[in-house]
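Visitor: Could you walk me through this structure, one question at a time? I would like to hear the reasoning behind each answer.

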Amino acid sequence: MENGNLLASNVDYLKDALSVLDELKRAKGEREQLQDNLKELERDMEGEEKAARDEVELTVKKRKEEISASFDREIRKDQDRVRRVRLDREKAKDKSVAERIESETADLREENRKTLDEIHAVLKENHLPRLCNTKIYFGIFFPKGIIEYLIFMLAFIILNFALPFGIVFFMPEPAKKPITMLIVCFLCYFLFFLSYQLIVKKTKMEKWQAVYQVRALRDKIRANIRKIKVIRNLILKDKNEQGYNLEKFDTTIAELEAEVKRSMAEKQDALTAFEETTKYMLIEEINGRHQEKISLLQAKQEETNKDLKEADILVKDINKHITANYEAFLGKDYVTEKALQDMIVLMEEQGASTVAEALALYKAEH
C-alpha cells in the first residue's frame, strides 16, 4: 500500500507500528545495558590501575624500609658497643684517677694518720677527754677562723636563748609566768657559766700546753687535708690521659666508629641503588602482572564501545523509521504503545474499518 493511503490501511498497519515500538524498546534496553557495562568496565579498569599504583607504592615503601631497617639494626649494635666501650673507658679512667690520687696523697694521708695517733697519745698522757679533739671544743674555747667562730656563736645562742625559751615553751600554762622565765634563764646562764668555767679550768688552764699541742697537731692535719684537696682537684682537672692505659679503649672505639660510618655509607649506597635501579624493576614487575588484566578490560571496553555504537545506529534507524512511516501520519503523540493498543481494539472490537477511523475515535475518547 502506498504511503499516501496509509491512513486507509487496516489493523495490520497499527500492529506493525506496535511491533516497531517493541523493537525500539528492546534496542534502547540493549543500549542501556551496554552503557552500564561500559561504566562497569571503566570502574574495573580504574580499580585495577589504582590497585597497581597502591601495590607499587606499598611495595617500594616496604622494600625501602626493609633495607633501612636491616642496616639500622647493625648500626645500632655498633653504636651500643661504642657506648659500652666508652662507659668501660670512663670506669677505667675513674679507677686510674682514683689510684693516682691515692698514690700522690699517700704520704699526706699517712702523715695525718700518724698525727692523729699523736693527738690520741697526748690526750691519753694528759688525761684529757676526747672532747678536746673536736671542732665543738675548739670552736667554743679556742675559736680560730670563720667556722669555729660560727660554732661559738651558735652554741652561745642555743645554750643561752633557745634552751631556756624552749624549756618555758613546753612548761604547763600556769607555770608560764615572768618570774618563772627569769628563773629558767638564770639557771641556764648559771649552768652554762659554771660548765664553761669548769671545762676551761680542767683543760685550758691546767693542761694548756697539751691543749695547744693538740691545736697545733689538728692544724697540721687540716693543712694536709687542704693539700690533699688541691692535689685531687689538680688531678681531676688534668686533661692529659697518658699513663691511664686507655689506648686499647680508644683503639676499639675508633674501629667501631669507623664501622658505623662504613655501615651508614653502605646504607646510603643501597638506598641509592634501590632508587635508581631496583625500584623501577619492581614497578615494571608489578605493572606487568596487572597489565594482563588491564589489557583484557581494555579489549572488552573496545568491544563494548563498538557494540554501543552499533546500538546507537540501530536506535537512530528505528527512530527514523518510526518518524517517517508512523509519526508522520498518526502524529508523534499517537505513536505510543498505549495509543496503538487502544486503536487496535477500536478496529478489532468496535468496528473501525480504517486507521483513520480508529484515530478519529481515539481522539474523540481522549
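Visitor: Is Lys 220 buried, partly exposed or exposed?
Guide: Happy to start there, with the note that this is a predicted model. Lys 220 has a relative accessible area of 36%. Buried means under 20% and exposed means over 50%, so Lys 220 falls in between and counts as partly exposed.

Visitor: Which residue meets the side chain of Lys 220 in a salt bridge?
Guide: The N to O distance in this salt bridge is 3.3 Å. The pair links distant parts of the chain, 109 residues apart, with Lys 220 in helix α6 and its partner in helix α2. That partner is partly exposed, at a relative accessible area of 30%. The residue is Glu 111.

Visitor: How many salt bridges does a search of the whole structure find?
Guide: In general, side chains of opposite charge can pair when their charged atoms come close. The cut-off here is a side-chain nitrogen of Lys or Arg within 4 Å of a carboxyl oxygen of Asp or Glu. With that, the search of the whole structure finds 28.

Visitor: How far apart in sequence are the parts that Lys 15 and Glu 348 tie together?
Guide: The closest N and O atoms of Lys 15 and Glu 348 are 2.8 Å apart, and the two form a salt bridge. Lys 15 lies in helix α1 (residues 11–104) and Glu 348 in helix α8 (residues 337–349), so the pair ties together parts of the chain that are distant by 333 residues.

Visitor: Which residue forms a salt bridge with Arg 109?
Guide: The N to O distance for this pair is 3.1 Å. Arg 109 is partly exposed at 31% relative accessibility, and its partner is partly exposed at 46%. The partner is Glu 102.

Visitor: Which residues are linked with Arg 89 in a network of salt bridges?
Guide: Here the salt bridges join up into a network. Besides Arg 89, its members are Glu 90, Lys 93, Glu 241 and Asp 250.

Visitor: Which element gives the most residues to the lining of the largest pocket?
Guide: The largest pocket holds about 310 Å³ of space. Of its 14 lining residues, the closest to the centre are Lys 135, Glu 148, Arg 218, Arg 222 and Ile 225. The elements that give two or more residues are α2 (106–125), α4 (146–169) and α6 (208–237). With six residues, the one that gives the most is α6.

Visitor: How many residues in the lining of the largest pocket are charged?
Guide: The lining divides into three classes. Six of its residues are nonpolar and one is polar. The charged ones number seven.

Visitor: Which helix gives the largest share of the nonpolar patch on the surface?
Guide: The patch has about 790 Å² of accessible area together, and its residues include Leu 150, Phe 161 and Met 181. Ile 157, one of its members, is partly exposed at 44% relative accessible area. Seven residues of the patch come from one helix, α4.

Visitor: What is the phi of His 127 near?
Guide: Most residues other than glycine have a negative phi. His 127 has a positive value instead. This residue lies in the loop between α2 and α3 (135–141) and is exposed, with a relative accessible area of 70%. Its phi is near 55°.

Visitor: Where does Asn 245 lie?
Guide: Asn 245 is a residue other than glycine with a positive phi, near 55°. At 59% relative accessibility, Asn 245 counts as exposed. Its place is in the loop between α6 and α7 (247–330).

Notes. Residues numbered from 1 in each chain as written. Predicted model: local features only at pLDDT ≥ 70, side-chain atom pairs only at ≥ 80, totals over all residues. Heavy atoms only, no water. 1 Å grid on protein atoms, 1.4 Å probe; cavity = no way out; pocket = protein on both sides within 12 Å on 5 of 7 lines; lining within 4 Å. Points joined across faces, edges and corners; volume = space filled by probe spheres on them. Helix = DSSP H or I, 4+ residues; strand = E, 2+ residues; numbered from the N terminus. Nonpolar A, V, L, I, M, F, W, Y, C, P; charged D, E, K, R; others polar. Patch = residues over 30% accessible without salt bridge, like charges linked within 9 Å, V, L, I, M, F, W, Y side chains within 5 Å. Areas by Shrake-Rupley, 256 points an atom, 1.4 Å probe, with all protein chains shown as cover. Buried < 20%, exposed > 50% of the residue type's maximum accessible area, 1.4 Å probe, protein only.
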